[in-house]
Amino acid sequence: MFKIISAVIGRDLKLAMRRQADIVSAVFFFIIVVSLFPLGIGPEPDLLRKLAPGVLWVAALLATMLSLPRLFADDHRDGTLEQLALAPHPLGLVVTGKVIAHWLVSGLPLALIAPVLGLQFDLSTDALVVLTGAILLGTPALSGIGAIGAALTLGLRGGGVLLSLLVLPLYIPVLIFGAGAVDATVSGLGGEGHLSLLAALTFASLGFAPWASAAALKIALE
Amino acid sequence: MKDRFNLYRFASPATFYPLAGKLIPWFVALSVVFGLAGLYLGMLVAPTDFQQGEGYRIIFIHVPASWMSMFIYLVMAGWAAIGLAFNTRLSGMMAQALAPTGALMAFLSLWTGALWGKPMWGAWWVWDARLTSELILLFLYIGYMALTAAIDDQRRADKAGGLLLLVGVVNVPIIYFSVKWWNTLHQGSSVNLTKSSMAETMLWGMLLMALCFWMYSIAVALMRVRTIMLERERHTDWVRAELGANSSGAAK
Amino acid sequence: MLEADNLECVRGERRLFAGLGFKLEAGELLYLQGRNGAGKTSLLRMLIGLLPPEAGEIRWKGQSIKSDDFRADLCYLGHLNAIKEELTPLENLLAAARLADEELSEDDAIDALEQVGLAGREDLACKYLSQGQKRRVALARLVKERRPLWVLDEPFVALDVAAVDWLAGIISGHLQRGGLAVMTTHQLVDIPAGTVRELRLS
């Protein structure tokens with residue numbers, strides 16, 4: 001079981017490393033979106049501090065959306081997806097590997113860059129730590145839930161927009177608990193409750209989403 | 001629910017089509033009867049609310065619409081589960097036939113909510129947990145309809161849509177819970193529709209309106225599923241016979 | 001070994017075939033023939049279990065092909081090459097074997113690539129190869145492939161004469177070892193060994 005998951009992760013990471021431009025552009029998208037907000041609402045530090053968690057999280061959702069359509073589309077186009085579906089292990093395990101690989105190249109860079117962007121919004125050190133932790137904990141759920149949407153819209157015209165329409169409403173709990181964790185820290189309530197709910201969401205979606213995505217992929221391959 | 005068992009036995013479109021045709025007038029009639037009775041009770045008999053005045057009467061539309069919007073989503077998910085488990089053709093058609101009605105109900109609920117909100121809280125929109133959840137439900141309906149519309153192959157559309165419905169139905173409680181949590185944390189104005197002790201006539205009015213909406217939804221869904229059947233099965237003999245009989249009947 | 005019973009295929013609104021059945025034993029090759037759109041590829045996708053038939057059943061060794069065991073006996077080569085442009089031919093072969101849960105050593109992979117005429121190009125990313133060469137990378141999988149059932153969709157397309165002969169030899173070897181093969185093709189290629197059956201879809 002771990003053999004196949006690690007084989008998929010290894011292959012996807014190798015492919016991602018040979019196409020680094022994709023990772024870099026998603027990260028810069030994140031940076032640009034976050035940097036646009038102060039320009040839109042003004043530079044008052046109090047206001048920015050209040051908005052920071054929400055802005056960073058919404059930008060993280062959008063940046064994740066950006067890389068989702070390619071999660072299965074490349075493998076579908078060159079026929080590799082058929083081969084993966086025909087391998088003797090359950091397709092859900094393959095998808096688990098792909099989701100983890102997706103997180104490593106999309107969610108993880110966002111978490112690493114988020115504290116720097118938090119500084120632009122004058123967040124305190126505590127808040128920055130919680131923000132990074134929340135993004136680290138929450139983004140795997142984004143990759144997992146997103147995989148379902150990517151599998152359902154595989155090969156459809158207008159797939160990218162449709163994917164956002166399907167997936168963004170399902171992202172709402174992650175957004176609420178993720179941004180809520182930072183909010184609660186800023187207001188002195190402590191973000192542990194939010195963070196543990198976020199972790200629960202991530203575990204639930206990593207357990208459930210790959211199998212739903214696998215079912216969707218089989219439908220798409222018919 | 002009894003209705004659904006019947007439908008399940010009549011899962012073949014060729015038998016279901018004429019049955020649905022016979023049932024539709026009944027559901028329409030029942031819907032009109034319940035609707036008139038419910039409106040009479042709600043608009044004329046029910047007492048004026050001492051806090052909210054006459055404006056509260058919109059709940060006779062608002063509450064049943066909200067109920068229906070949630071219930072229809074559950075029914076669609078039920079059809080989706082049947083369809084994915086037993087691979088029946090009718091299930092996908094029923095889910096697709098119900099979706100526009102469900103979306104309409106969600107929209108109606110939001111719209112009447114806004115109309116009600118203006119005199120009550122002085123704002124068209126409040127980020128109340130229920131209204132927000134209803135909005136997200138509307139997004140889910142729209143997502144389902146957009147997905148099934150984007151897939152040309154009907155069989156794949158049914159299956160993919162069904163899977164999305166099941167994913168959605170798992171997520172709806174999580175979304176509702178998180179929105180509620182968010183709402184209490186931010187201490188937004190939480191509005192409880194059933195807070196005020198309700199007069200008995202109000203309750204009856206609401207129930208009758210709910211029945212009216214229920215009958216309406218069934219009637220409209222059956223009409224829509226008949227159209228979908230004709231469209232999808234237009235190359236089969238029974239549809240040709242059906243259409244042939246109709247057109248010759250019209251020519252006479 | 002491979003049995004198909006009473007298969008029916010509906011694509012969109014068209015019924016492509018119905019009541020189709022055949023039996024294939026060890027060492028036998030089945031050629032699927034028919035016009036474009038007759039349902040050859042659909043039948044192949046049914047045989048590998050990707051497309052559920054509208055009616056009928058397919059059995060492998062007496063068991064329904066829905067079980068995971070079936071896929072451990074199957075090698076499928078579609079009209080797409082299933083190779084990654086960013087990876088080298090060697091990496092492609094090794095990755096494909098790992099993902100399909102097959103043992104393939106690096107030496108064997110290099111040997112296979114030499115046989116298909118890609119010696120010296122093992123370490124060049126596939127995007128720099130020509131169409132024919134990419135096809136050869138895909139076919140190189142078959143050299144060390146020991147799974148009993150091969151399902152090949154148009155394997156001879158885009159190959160030159162020498163490569164066609166080479167591939168015919170590979171398929172013969174597979175049949176001689178007691179393997180089975182099902183393939184679609186427009187050009188009838190003479191396979192020296194094994195029993196050749198034909199199935200015409202109309």
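**Exercise 1. Compare the radius of gyration of chain A with that of a compact globule of 222 residues.**

Solution.
- This is a predicted model.
- For 222 residues, a compact globule would have a radius of gyration near 17 Å.
- Chain A has 18 Å, which agrees.
- Now take the extents. The C-alpha trace of chain A spans about 55 × 30 × 30 Å along its principal axes.
- Then check burial. Of the 222 residues in chain A, 55% count as buried.
- Last, look at contacts in chain A between residues at least 6 apart in sequence: 80% of them join residues at least 24 apart.

**Exercise 2. List the elements of chain A, then test the span of helix α10(A).**

Solution.
- Chain A holds ten helices and zero strands.
- Its elements therefore read α-α-α-α-α-α-α-α-α-α from the N terminus.
- Helix α10 of chain A covers residues 192-221, which is 30 residues.
- At 1.5 Å a residue, α10(A) should span 44 Å.
- The end C-alpha atoms of α10(A) lie 42 Å apart, so the two values agree.
- Look for a bend next. α10(A) bends by about 30 degrees at Leu206(A). A proline, Pro210(A), follows within four residues.

**Exercise 3. Work out the strand order of the open sheet in chain C, and find its edges.**

Solution.
- Five strands of chain C form the open sheet, ordered β6-β7-β8-β3-β9.
- Their pairing is parallel.
- β6 (74-77) and β9 (195-201) of chain C are the edge strands, as each pairs on one side only.
- On average, neighbouring strands of this sheet are turned by 15 degrees against each other, direction ignored.
- Add the helix. α1 of chain C (residues 40-47) packs on the sheet and touches β3 (28-34), β7, β8 and β9 of chain C.
- The direction of α1(C) makes about 150 degrees with that of β8(C).

**Exercise 4. Trace the bridges of β8(C), then decide: is this strand enclosed or open?**

Solution.
- Start with β7(C), residues 149-153. Five bridges join β7(C) to β8(C), residues 180-184, and the two strands run parallel.
- Leu149(C) has Leu180(C) as its bridge partner in β8(C). Val151(C) has Val182(C).
- Turn to β3(C). It pairs with β8(C) in the parallel sense over four bridges.
- Here Tyr31(C) has Met183(C) as its bridge partner in β8(C).
- Now sort the side chains. Leu180(C), Val182(C) and Thr184(C) point one way from β8(C). Ala181(C) and Met183(C) point the other way.
- Five of the five residues of β8(C) are buried, so the strand is largely enclosed by the rest of the structure.

Methods
Residues numbered from 1 in each chain as written. Chains lettered and ligands numbered in written order. Predicted model: local features only at pLDDT ≥ 70, side-chain atom pairs only at ≥ 80, totals over all residues. Expected span 1.5 Å × (residues − 1). Bend = angle between axes of the 7 residues up to and from the residue. Pairing = 2+ DSSP bridges. Axes fitted to C-alpha atoms, helices over the stretch in contact; angles between N-to-C directions. Contact = placed C-beta atoms within 7 Å. Rg over C-alpha atoms; globule rule 2.2 N^0.38 Å. Buried ≥ 20, exposed ≤ 12 C-beta atoms within 10 Å, placed from the backbone.
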